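Hi everyone, thanks for making room for me today. I'd like to walk you through one structure, so please have the sequence and the model open.

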Amino acid sequence: MIPTIAFLVLAQPRPTDLTFVRHGETVANATGKYNSRTLNVFSKKGQEGVDVVTKKLEAEPRFDIILVSPSPRALRTIAPYLRDMHQRATICPLLYECCTGRRPKNAKAKPYKIGAAITIPSDIGPYFIILRGQDRLPYAPDYESGLGQVEAFVSQFRTQYSHRRVLLVGHSGQGGQFLHALTGKWRKVENAKEIKVTLP
């Protein structure tokens, strides 16, 4: 009887240990002025936040996989950790920011489109991997197509990344919707703060 119980315990799949980190605060976040000069540049507080979360992540067990939004602010948030830990992260287009516009009443997911090619800043390029067929940005200009993007990522996450230690680095809009879709709970997604979720 005891060996049977032991076998059943060992046969249980490991839980999914998910850590989500929103990018560091940018000048755009701090000032409310969103343009090409502010969107991907960290504020002083933002750089300090990146430094703090880097040290926190370095103190934890290594992740099985690290997925990151292709936006420069997300890439630069995790690049110091990747440098220090001698790891590489995989670019995940579906982590790109979405769902930031006006929410229609009774909003429902609709298809998103495929947009521009992904480019990585050359100074941090060696820390990232772009998989074949995953080299273009999603294009979800409105809230409902953003929901479609989130639904696609939830499906991808469940089928490809369950039962592992996973670090996601992304945004507030997409991240909040993803975590809600995955767990049924709304969470405050703050700059450079860890959100930890354990899934059976």
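I'll begin with the whole chain, then go to one helix, and then stop at a few single residues.

Please keep in mind that this is a predicted model.

So, the overall picture. How many helices and strands does the chain have? There are six helices and eight strands. If you trace the chain along the sequence, the pattern reads α-β-α-α-β-α-β-β-β-β-α-β-α-β.

Along its principal axes, the box filled by the C-alpha atoms is roughly 65 × 45 × 35 Å. The radius of gyration is 18 Å, and that agrees with the value near 16 Å for a compact globule of 200 residues. Of the 200 residues in the chain, 46% are buried.

Now contacts. Take the contacts between residues at least 6 apart in sequence: 73% of them join residues at least 24 apart.

And the surface, for those of you who think about buffers. The accessible surface is about 11000 Å², and carbon and sulfur atoms account for 54% of that. The chain has 29 positive and 16 negative charges, and the mean positions of the two sets are 4 Å apart.

Let's go to helix H6, which covers residues 172-183. Helix H6 has 12 residues and spans 16 Å from its first C-alpha to its last, close to the 16 Å expected at 1.5 Å a residue.

Which residues of H6 are buried? They are Gly 173, Gln 174, Gly 175, Gly 176, Gln 177, Phe 178, Leu 179 and Leu 182. And what covers them? The cover includes strand S1 at 16-22, helix H5 at 143-160, strand S7 at 165-170 and strand S8 at 194-199. After H6 comes Gly 184, with a positive phi near 80 degrees.

Let me pick out one residue of that helix. Gly 176 is in H6, and with a relative accessible area of 7% it is buried. Setting aside neighbours within four places in sequence, Gly 176 is in contact with His 171, Trp 186 and Val 189. You may also like a distance to check on screen: Gly 176 and Arg 103 are 73 residues apart in sequence, and their C-alpha atoms are 14 Å apart in space.

From H6 we can step across to helix H5, where Gln 149 lies. Is Gln 149 buried or exposed? Its relative accessible area is 1%, so Gln 149 is buried. Beyond its neighbours within four places in sequence, Gln 149 is in contact with Pro 93, Leu 94, Leu 95, Tyr 96, Cys 98, Tyr 112, Pro 138, Ala 140 and Gln 174. Gln 174, as you'll remember, is one of the buried residues of H6.

Next, some loops. His 23 is in the loop between S1 and helix H2, residues 27-31. At 3% relative accessibility, His 23 counts as buried. What does His 23 touch, not counting residues up to four places away in sequence? The residues are Asn 29, Arg 73, Ala 74, Thr 77, Gly 170, His 171, Asn 191 and Ala 192. His 171 came up a moment ago, as a contact of Gly 176.

Asp 64 gives us another loop, the one between helix H3 at 44-58 and strand S2 at 65-68. Why is Asp 64 classed as partly exposed? Its relative accessibility is 41%, and partly exposed runs between 20% and 50%. Outside its neighbours within four places in sequence, Asp 64 is in contact with Arg 14, Arg 164 and Arg 165. Arg 187, by comparison, is 24 Å from Asp 64, C-alpha to C-alpha, and 123 residues apart from it in sequence.

Last, a look at the backbone. Most residues other than glycine have a negative phi. Cys 99 has a positive phi of about 60 degrees although it is not a glycine. Where is Cys 99? It lies in the loop between strand S3 at 89-91 and strand S4 at 113-117, and at 11% relative accessibility Cys 99 counts as buried.

His 163 also has a positive phi, near 65 degrees, and is likewise a residue other than glycine. You'll find His 163 in the loop between H5 and S7. At 31% relative accessibility, His 163 counts as partly exposed.

That's my tour. Thanks for listening, and I'm happy to go back to any part of it.

Notes:
Residues numbered from 1 in each chain as written. Predicted model: local features only at pLDDT ≥ 70, side-chain atom pairs only at ≥ 80, totals over all residues. Heavy atoms only, no water. Helix = DSSP H or I, 4+ residues; strand = E, 2+ residues; numbered from the N terminus. Expected span 1.5 Å × (residues − 1). Buried < 20%, exposed > 50% of the residue type's maximum accessible area, 1.4 Å probe, protein only. Contact = heavy atoms within 4.5 Å. Rg over C-alpha atoms; globule rule 2.2 N^0.38 Å. Areas by Shrake-Rupley, 256 points an atom, 1.4 Å probe, with all protein chains shown as cover. Lys, Arg positive; Asp, Glu negative; His and termini not counted. Charge placed at Lys NZ, Arg CZ, Asp CG, Glu CD.
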